[in-house]
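Subject: Structure for you to look at

Dear colleague,

I am passing on the structure we talked about, and my notes follow directly below it. Please read them with the coordinates open beside you.

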Amino acid sequence: MSEAMLVADRLTRHFGGLTANLEVCITLERGKLHALLGPNGAGKSTCINMLSGDLPPSAGRILLEGQDVTGLDSAARSHRGIGRSYQRTNIFPQFTVLENCRLAAQSRRPRPWRIFTDAMKTRDTVERAQAAIVEAGLGGRELRKAGLLSHGEQRQLEIAMVLATDARVLLLDEPLAGMGSEESAQMVELLRKLKQNRAILLVEHDMDAVFAVADTITVMVEGSVLESGPPEQIRNSEDVQAAYLGEDEHG
Ligand SMILES: Nc1ncnc2c1ncn2[C@@H]1O[C@H](COP(=O)(O)OP(=O)(O)OP(=O)(O)O)[C@@H](O)[C@H]1O
C-alpha cells in the first residue's frame with residue numbers, strides 16, 4: 001500500500017509579475033521515486049526550493065506526513081526529515097568524507113556545536129555518518145579528503161550528507177549532472193536502493209536515468225503541471241512529446 005509522505009498542495013510562486021509555479025500538486029510516497037521534468041525555466045528549481053523550505057510559496061501548502069510544514073524554514077524541515085541536495089556541490093573539499101558527513105549529522109541536532117563536549121552524542125553522530133557513507137556506496141573512503149574524490153564520488157558524498165541527517169524524504173537536484181555513463185549507472189543503482197524506505201523527488205535532465213528509475217514522472221511547462229503519471233504514460237503522451245521531449249529531436 002502506498003503511503004503519502006510529502007504533499008505539495010497547489011503550490012504557487014510569483015516573482016514580481018512572473019508566475020514560476022502555478023498550483024503545482026505533487027505527492028511523494030514512501031518506497032517511490034518521483035521525477036520532475038521540464039524544459040529550462042519550467043519551474044522545477046522553484047518547486048524543489050519551496051518543498052525544502054529555501055523559498056516561501058506565494059500560495060498553497062506543504063504537508064509532511066499529514067502535518068502542515070509550509071511555515072517552517074529549511075533547518076526546521078531538515079529536523080523533521082526532509083533532506084535536500086543542491087545542484088552546486090556543497091561539500092568541504094579540505095575535510096575528509098567522514099568529517100563532511102559528521103558535520104551534516106550534527107546539523108540535525110538542536111545545538112550542533114555543544115556536542116563537542118558530549119562524548120556519547122559524538123559517538124552517535126559518527127555512527128550515523130558512517131552508516132550514511134556505507135549506504136551511499138563510499139564505504140572504505142571515510143578518511144579520504146573530499147576534494148580528492150572523483151566527480152561521481154563527490155555526488156555520492158552529497159547524498160551521504162543528506163542521509164546523515166536521517167532524512168526520510170530526499171529532494172535531489174540533478175544528482176547526475178556532469179557524470180559519465182558508468183558513474184550515472186552507479187547513481188541509478190544507488191537511487192533504486194535509497195528509495196526502498198524513503199520518498200524521493202528527483203529533478204534530473206538525464207532522460208535515460210529518469211525513465212530507468214522513476215515510478216512516477218511529473219512534467220512541468222511554464223510553471224504548471226502538464227502531465228503526471230507512470231513512465232510509460234509520460235513516454236507515450238503526445239502532449240509531453242510536443243511540449244518537451246520533442247525538443248531534443250529538434251534541438
Ligand atoms: N529568484 C528569482 N527571481 C526572479 N525570477 C526567478 C527566480 N527564480 C526563478 N525565476 C524565474 O522563474 C522561472 C522558473 O525558473 P526555475 O529555475 O524554477 O526553472 P527550472 O525548471 O528549474 O529551470 P532549469 O532547468 O533551467 O534549472 C524562470 O522564468 C526563472 O527565470
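The shell around the ligand divides into four nonpolar residues, six polar ones and one charged one; please keep in mind throughout that this is a predicted model. The residues that surround the ligand are Phe15, Leu18, Ala20, Gly38, Asn40, Gly41, Ala42, Gly43, Lys44, Ser45 and Thr46. Two elements, β2 (18-29) and α1 (44-52), each supply at least two residues of that shell, and it is α1 that provides the largest share, namely three residues.

The helix α1 is also a useful way into the rest of the fold, since it lies across β3, β6, β7 (169-173), β8 (199-203) and β9, and it runs at about 150° to β7. A second helix, α5 (residues 151-163), packs on the sheet as well, where it touches β6 and β7, and its direction makes about 165° with that of β6.

As for the sheet itself, it is an open one of six strands in the order β6-β7-β8-β3-β9-β10, and its pairing is mixed. Its edges are formed by β6 (82-85) and β10 (224-229), each of which pairs on one side only, and neighbouring strands are turned against each other by 15° on average, if direction is ignored. In general, the strands of a sheet pair through backbone hydrogen bonds, in either a parallel or an antiparallel manner. Within this sheet, strand β3 (residues 32-37) and strand β9 (residues 216-221) run parallel and are joined by four bridges; to give one residue pair that you can locate in the viewer, histidine 34 has threonine 216 in β9 as its bridge partner.

Turning to the chain as a whole, the secondary structure of the protein chain comes to nine helices and ten strands. Its C-alpha trace spans about 55 × 40 × 40 Å along the principal axes. The radius of gyration is 18 Å, and this agrees with a compact globule, because a globule of 251 residues would be expected to have a value near 18 Å. Buried residues make up 40% of the 251 residues in the chain, and, among the contacts with a separation of 6 or more, 68% are accounted for by residues 24 or more positions apart.

With best regards

Definitions and conventions. Residues are numbered from 1 along each chain as its sequence is written. This is a predicted model: local features need pLDDT of at least 70, side-chain atom pairs count only at pLDDT 80 or more; totals for chains, interfaces and linings use all residues. A residue is near a molecule or strand if its C-beta atom, placed from the backbone, lies within 6 Å of it. Ala, Val, Leu, Ile, Met, Phe, Trp, Tyr, Cys and Pro count as nonpolar, Asp, Glu, Lys and Arg as charged, and the others, Gly among them, as polar. The radius of gyration is taken over C-alpha atoms; the globule rule is 2.2 Å times the number of residues to the power 0.38. A residue is buried if 20 or more other C-beta atoms lie within 10 Å of its own, exposed if 12 or fewer, and partly exposed in between; C-beta atoms are placed from the backbone. Two residues are in contact if their C-beta atoms, placed from the backbone, lie within 7 Å. Two strands pair if DSSP finds at least two bridges between them. Axes are lines fitted to C-alpha atoms, for helices over the stretch in contact, and angles run from 0 to 180 degrees between N-to-C directions.
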